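Work through these exercises with the sequence and the structure side by side. Try each task before reading its solution.

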Amino acid sequence: VRGERGGQGHAVRIPVMSSPLPPPLLAWFRRHRVSWAGLRFEAAEGRGVYGVAEVDLNPGSVVVAVPKAAMLTRKNVRDANALHALLALGLPSVEVLGLAIALERAAGKSSKWHAYLQSLPLHEPLPLLWSAAELRMLAGTGLDETSQRRKRRLLENYRSAVEEWEGAAPLPSSEEYLRACTLSSSRAFLVDGEHGEGLVPLADLLNHKAALAEEQGDEGDEGDEGDEGDEGD
């Protein structure tokens with residue numbers, strides 16, 4: 001997966017064949033120069049839409065190309081300056097992204113990411129949003145207490161954000177914020193030092209838990225530290 005500054009110089013394109021992806025989302029991909037190669041997308045009951053490799057994918061192959069301008073990050077969204085101020089005050093980056101997602105959702109059709117956000121679930125079914133009765137099913141695992149502690153911390157940080165907020169649009173409700181945080185915590189990629197975490201349209205349809213990949217040595221590790229701005233892909 002590659003994040004492109006301008007999407008130049010690549011042969012990848014959006015196929016015209018039938019796709020389980022919603023037509024408004026496909027149009028959004030074309031408009032924002034999001035493209036892919038060597039993949040097809042399928043849908044299955046209980047699994048949603050997912051990507052399948054059509055060919056052998058070699059190291060260095062460009063599978064998905066997403067311009068950084070198309071990624072939903074704290075730098076790209078409305079009220080970016082106000083979000084940056086919260087980050088400077090100590091609000092965790094992934095929670096700032098949660099606020100950014102909630103703000104863009106609240107903006108409706110005026111949001112640059114409206115078609116993309118419409119394709120996402122309202123929230124992920126994480127224990128963060130479970131009822132007390134549902135959490136009791138986790139008794140003895142430690143996950144129930146962990147989820148409750150995390151929810152308390154998120155709400156404390158949300159209240160602090162409300163007190164310090166200087167954006168043009170009002171912050172969405174705490175419930176909308178918690179829903180958005182389930183998306184940021186489950187789907188976000190680390191883009192770079194300037195953008196922080198972000199939602200990367202299309203790439204989030206693919207399995208992307210890097211911790212599950214086998215280590216291939218240390219040859220490529222050193223280059224990661226230099227990708228601090230838009231110069232990096």
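Contact here means heavy atoms within 4.5 Å. The model is predicted.

**Exercise 1. Helix 1**

Task: Find which residues of helix 1 are buried, and state what covers them.

Solution:
- Step 1. Take residues 23-31, which form helix 1. Leu-25, Leu-26, Trp-28 and Phe-29 are buried there, with buried meaning under 20% relative accessible area.
- Step 2. Look down the axis. These four buried residues cover an arc of only 155 degrees, so they lie on the same side of helix 1.
- Step 3. Recall the helix geometry. An α-helix has 3.6 residues a turn, so residues three or four places apart point the same way.
- Step 4. Turn to the other side of helix 1. Pro-23, Pro-24, Arg-30 and Arg-31 are exposed there.
- Step 5. Look for the cover. Strand 2 (35-36) and helix 4 (114-118) are among what covers the buried residues.
- Step 6. Go just past the end of helix 1. Arg-33 has a positive phi of about 60 degrees.

**Exercise 2. The largest nonpolar core**

Task: Identify which residues of the largest nonpolar core touch the most other members.

Solution:
- Step 1. Start with the size of the core: 50 residues.
- Step 2. Pick out the residues that touch the most other members. They are Phe-29, Trp-36, Leu-72 and Leu-99.
- Step 3. Ask which element gives the largest share. Helix 3 (residues 93-106) does, with 7 residues.
- Step 4. Link back to Exercise 1. Phe-29 is also one of the buried residues of helix 1.

**Exercise 3. Strand 8 and its partners**

Task: Work out which strands pair with strand 8, and in what sense.

Solution:
- Step 1. Begin with strand 7 (residues 189-192). It pairs with strand 8 (residues 196-199) in the antiparallel sense, over 3 bridges.
- Step 2. Trace the connection. A hairpin of 3 residues joins strand 7 to strand 8.
- Step 3. Add strand 6. It runs antiparallel to strand 8, and 2 bridges join them.
- Step 4. Locate Gly-198 in strand 8. Gly-198 is the bridge partner of Phe-189 and also of Thr-73.

**Exercise 4. Confidence**

Task: Decide where the coordinates should not be read in detail.

Solution:
- Step 1. Take the whole chain. Its mean pLDDT is 84, and 81% of its residues reach 70 or more.
- Step 2. Compare elements. Strand 1 (residues 2-4) has the lowest mean pLDDT, 50, and strand 6 (residues 72-73) the highest, 98.
- Step 3. Mark the weak stretches. The pLDDT is below 50 over residues 4-16 and stays under 50 over residues 217-233.
- Step 4. Apply the rule. Where pLDDT is low, the predicted coordinates should not be read in detail.

Methods. Residues are numbered from 1 along each chain as its sequence is written. This is a predicted model: local features need pLDDT of at least 70, side-chain atom pairs count only at pLDDT 80 or more; totals for chains, interfaces and linings use all residues. Side-chain values use heavy atoms; hydrogens and water are left out. Buried means under 20% relative accessible area, exposed over 50%, partly exposed in between (1.4 Å probe, protein chains only). Helices (H or I, at least four residues) and strands (E, at least two) are DSSP runs, numbered from the N terminus. The arc is that of the directions from the helix axis to the C-beta atoms. A nonpolar core is a set of buried Ala, Val, Leu, Ile, Met, Phe, Trp, Tyr and Cys residues joined through side-chain atoms within 4.5 Å. Two strands pair if DSSP finds at least two bridges between them. pLDDT is the predictor's confidence in each residue, from 0 to 100.
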